[in-house]
Amino acid sequence: MSLHKPKVAIVGLGYIGLPTAAVLASGGHEVVGVDVIPRVVDGINRGEVHIVEPDLDGLVRSAVMSGRLRAVLVAEPADIYLIAVPTPFKNGHQPDLTYIEEAARAIAPHLRSGNLVILESTSPVGTTEKLAAWLAAERSDLAFPSGPQSLADINLAYCPERVLPGSIVSELVNNDRVLGGLTPQCAARARKFYESFVRGQCIETDARTAELTKLTENSFRDVNIAFANELSLICDELGINVWELIELANRHPRVNVLKPGPGVGGHCIAVDPWFIVDSAPASARLIRVAREVNNSKPEWVIEKVAAAAELARHRLGREVVVACLGLAFKANIDDLRESPSLEIVARIAELRLACRLLVVEPYVEALPIPLSANALVELVELDVALTEADVVVLLVDHVQFRSVAREALEGRTVIDTRGIWR
Ligand code: SAJ
C-alpha cells in the first residue's frame with residue numbers, strides 16, 4: 001500500500017488556513033501555504049504565528065521544523081488546492097468575492113489533470129460554480145465540471161469551515177464536515193481527503209447545499225441571539241430580570257434561549273446572514289430583522305451608560321469616571337474584530353460621557369488606534385478600574401471578571417451586559 005500523502009497548497013494563511021495547514025503537515029502531508037503578506041510568510045517560515053489561538057503556536061512551530069510546512073508568496077504545483085481567503089462586504093452588505101477570484105488566478109497556472117480544488121471561505125450560494133468558471137477561463141486546456149455527471153480533469157468542492165475561535169485546533173479535527181461537490185465524484189474525492197485528518201463525520205452533498213449550510217449555521221445563531229437581545233429590551237421596559245427569565249424559560253425541556261449581550265461581534269455571525277439576505281432579499285425577512293436587532297444593541301447600551309453617567313453626575317455633584325470591562329468580541333480571546341464592546345467604548349469616548357474612561361482588557365497589551373490617541377481613555381488593571389470608577393460597564397464575560405467580589409462593586413452604578421454579576 002502506498003504511504004504517499006497528497007501535497008496540499010493552502011491559499012490564505014489566516015484564522016482557518018494556517019491551523020488547517022499545520023494540522024495537515026503534522027498528519028504527514030507536504031503543505032505549502034500561500035499568502036500575499038510578506039510579514040506573514042516570513043513569520044511562519046521562522047515558526048511564528050501572527051494570530052492568537054490556543055495550541056496553534058506549538059503546532060505551527062513543529063510543522064515548520066519538521067520541514068513539512070513552508071509558506072510562500074507565489075503558488076506552486078500541488079495535488080490539492082485549498083482556498084481559505086476572506087469574503088468581506090462591498091457596497092454595504094454585498095459579498096465581495098475578489099479574494100477568491102485572485103486565489104483562482106494564482107493557482108490556475110499550476111493546475112494539472114487530477115487536481116482537487118477545495119473552497120473553504122464562507123461564500124454565497126453559487127460561488128463554487130463561479131470559481132470553476134474563473135479557473136476554466138484561465139485554463140481552456142483542462143476540463144472542469146459542467147454538470148452533475150460530467151467527467152472533468154479537475155474536481156471542485158465546497159467544504160465550509162465551522163471551527164469556533166478559541167477552540168480552532170480541536171474543532172478542526174473533531175467537528176463533522178459537509179463536503180459539497182460540483183459533481184458526486186468531486187464530493188467523494190473531497191471526503192476521502194477530509195477523512196484523512198478529521199475525526200468527525202464527513203458527509204457528501206452538492207456545492208450549493210454546502211454553501212447554504214455554512215450560512216445557515218451562523219444565521220441560526222444570529223437569529224437566536226437576536227431573540228435573546230430582544231428579550232433583554234422587553235425585560236428592561238417591564239422591570240424584569242432577563243437572566244432570571246431565561247434561566248426559568250430554559251427549564252422547559254424544549255426551550256434553549258441564548259444569552260443577550262452588548263451586540264454580536266466577530267467576522268462570521270455578524271456578516272454571513274447578510275449573504276443570505278443578498279441572495280434572497282424578499283424571502284429572508286427574519287434573518288434581516290435579526291441582524292438589525294443585533295446591530296442596534298450597542299446603541300442601546302450606550303444610551304444606558306449615558307443615562308447612568310448623568311444620574312451619577314447629579315448625585316455626586318462632579319464629573320464621573322466610567323470603567324468599561326472588556327474590548328474583545330467575546331470571552332477569553334484577544335480578537336477585537338467587529339467587536340460591539342470596542343464600538344461602545346469608542347462612542348462613550350466620542351460623546352464624552354465621562355471625564356475619564358478606564359478600560360480593562362486582560363488580553364491586549366495596548367489600546368487599539370484610535371482609542372490609544374484619546375487622552376480621555378486609559379488601559380488600566382481591573383483593581384484600578386474598580387477602585388476609581390463611578391459607573392462600571394461589564395461588556396465581555398472574560399473569566400477574570402467573573403470572580404469580582406460583590407463588595408468591590410458597592411456604591412457604583414453597574415451595567416452588566418452579560419449577566420455575570422446578577
Ligand atoms: N453571543 C451572544 N450570546 C450568545 C452567544 C454569542 O451575544 O448566547 C455573541 C458573542 O459574544 C460574540 C458573537 O455572538 O460577540 C459570536 O460569538 P460565537 O461564539 O457565537 O461565534 P463565533 O463568531 O466566535 O464563531 C461562529 C461559530 N458558529 C456557530 O456557532 C454557528 C463557529 O462555529 C464558526 O466556525 C464561526 O462563527 C465562523 O467562522 O463562521
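Start with the largest nonpolar core of this predicted model. It has 42 residues, and to find your way into it, select Ile 10, Ile 44, Leu 69, Ile 118, Phe 193 and Tyr 194, the ones with the most contacts inside it. Now colour helix H1, residues 17-26: this helix gives the core its largest share, 6 residues.

Stay with the core and centre the view on Tyr 194. Setting aside residues up to four places away in sequence, Tyr 194 touches Leu 82, Ile 118, Glu 120, Cys 159, Arg 177, Leu 179 and Cys 202. Once you have seen those neighbours, select Val 32, Ile 154, Leu 156 and Cys 186, which are among the 32 residues of a second, separate core.

Next, go back to H1 and show helix H3, residues 56-65, beside it. The two helices pack at an angle of about 50°, and their axes lie 9 Å apart. That angle makes H1 oblique to H3. Turn the view to look through the pair, and you can check that the crossing is left-handed. To see what fills the contact, show side chains for Leu 18, Pro 19, Ala 22, Val 23, Ala 25 and Ser 26 on H1, then Leu 56, Leu 59, Val 60 and Ala 63 on H3. Sorted by class, that contact holds 9 nonpolar residues, 1 polar residue and no charged ones.

Just before H1, stop at Gly 12, in the loop that links strand E1 (8-11) to the helix. Is Gly 12 buried or exposed? Its relative accessibility is 9%, so Gly 12 counts as buried. Select Val 34 as well: this residue is 22 places from Gly 12 along the chain, yet their C-alpha atoms are separated by 5.9 Å. Apart from neighbours within four places in sequence, the contacts of Gly 12 are Gly 17, Leu 18, Val 34, Asp 35, Ala 84 and Val 85.

The last stops are about backbone geometry. Pick Glu 338 in the loop between strand E11 (321-325) and helix H12 (340-350). Its phi is near 55°, a positive value in a residue that is not glycine. Then move to Arg 352, in the loop between H12 and E12. Arg 352 is another non-glycine residue with positive phi, about 50°. With 58% relative accessibility, Arg 352 counts as exposed.

Finish in the loop between strand E12 (356-360) and strand E13 (377-379), where you will find Pro 370. Which kind of peptide bond joins Ile 369 and Pro 370? Look at omega: the value is about 5°, and the bond is cis.

Methods. Residues numbered from 1 in each chain as written. Predicted model: local features only at pLDDT ≥ 70, side-chain atom pairs only at ≥ 80, totals over all residues. Heavy atoms only, no water. Core = buried A, V, L, I, M, F, W, Y, C linked by side-chain atoms within 4.5 Å. Buried < 20%, exposed > 50% of the residue type's maximum accessible area, 1.4 Å probe, protein only. Helix = DSSP H or I, 4+ residues; strand = E, 2+ residues; numbered from the N terminus. Contact = heavy atoms within 4.5 Å. Axes fitted to C-alpha atoms, helices over the stretch in contact; angles between N-to-C directions. Parallel < 35°, antiparallel > 145°, perpendicular 65-115°, else oblique. Left-handed = near helix turned anticlockwise from the far one by under 90°. Nonpolar A, V, L, I, M, F, W, Y, C, P; charged D, E, K, R; others polar.
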